[in-house]
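Thank you all for coming; I would like to spend a few minutes on charged side chains and on where they pair up. Please have the sequence and the model open as I speak.

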Amino acid sequence: MRYQTVLLDLDGTITDSGPGIMGGVRYALEKHGMAVPGEEQLRTFIGPPLKEQFRDFCGITDDEAGEMVSSYREYYGERGIFENRVYDGVIGLLKRLKDAGMTVAMATSKPEKYAVQIAEHFGFAEYFDFIGGALMDGRRTEKQEVIEYVLASCGVEDRSTVIMVGDRRYDIEGAKRAGLHSLGVLYGYGSREELEKAGPDYIAATPEEAGEILLGKNRL
């Protein structure tokens, strides 16, 4: 087996978290008197660090974007975190990886506090050796930073045996910068065009197909 450690993104890879995230963004925009865009634009907030998304989308300063994130969390911490569901087939994928003896870790730009809470609430924390994410104060949000933190926490030395799984270009680009292989999944929030442009080693349409690739049964 080529890979010994699998890092997985959370939003759009393990869970369909869109409703809760978009609800939090709507809440923050409305609270600050800003126009709320349609769902297509709201979906762009799923995956990348929120502070940068608010800053770029609203054309505001970093400090103002930080205030937007605080408002977002007023909604998300109470309601949005549970407006979420695990994708069909993902629990089976995690079980297969663990049964194969692989180290399974989460690497998400979502605050680690929320990631742990979600994993425990939806019943998949038991499949993870480590859950790593951003800090609540806005640090460690870039995907490569999270990946480096997770690798160090898991004691990984040979990066050739590690693969990052995610649904957005940020996951693929972060993996490349960290010297890892990567697998893009199409059932989340990133398009095939976005993923192909980022250049992952593999692309899978379903969790089942991802499992075949990760376990070496269907190398592309």
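Let me begin with Arg-159, which in this predicted model is partly exposed, with a relative accessible area of 28%. Which residue does Arg-159 form a salt bridge with? The partner is Glu-148, and the closest N and O atoms of the pair are 2.7 Å apart. This pair links distant parts of the chain, since Glu-148 lies in helix 7, residues 143-154, while Arg-159 sits 11 residues away in the loop between helix 7 and strand 6, which covers 162-166. Glu-148 is likewise partly exposed, and its relative accessible area is 27%.

For the newcomers, the general idea is that side chains of opposite charge can pair when their charged atoms come close.

Another such pair joins Arg-55 and Asp-56, whose side chains meet in a salt bridge with an N to O distance of 3.0 Å. Is Asp-56 buried or exposed? Asp-56 is exposed, because its relative accessible area of 53% is over the 50% cut-off, whereas Arg-55, at 26% relative accessibility, counts as partly exposed.

We can add the salt bridge between the side chains of Arg-79 and Glu-83, where the N to O distance is 3.7 Å, and here Glu-83 is partly exposed, with a relative accessible area of 25%.

Salt bridges can also be joined together, and in this model Asp-9, Lys-143 and Asp-171 are linked in a network of them.

How many salt bridges does a search of the whole structure find? The search finds 18, and the pairs I have described are among them.

Terms used:
Residues are numbered from 1 along each chain as its sequence is written. This is a predicted model: local features need pLDDT of at least 70, side-chain atom pairs count only at pLDDT 80 or more; totals for chains, interfaces and linings use all residues. Side-chain values use heavy atoms; hydrogens and water are left out. A salt bridge is a side-chain nitrogen of Lys or Arg within 4 Å of a carboxyl oxygen of Asp or Glu. Buried means under 20% relative accessible area, exposed over 50%, partly exposed in between (1.4 Å probe, protein chains only). Helices (H or I, at least four residues) and strands (E, at least two) are DSSP runs, numbered from the N terminus.
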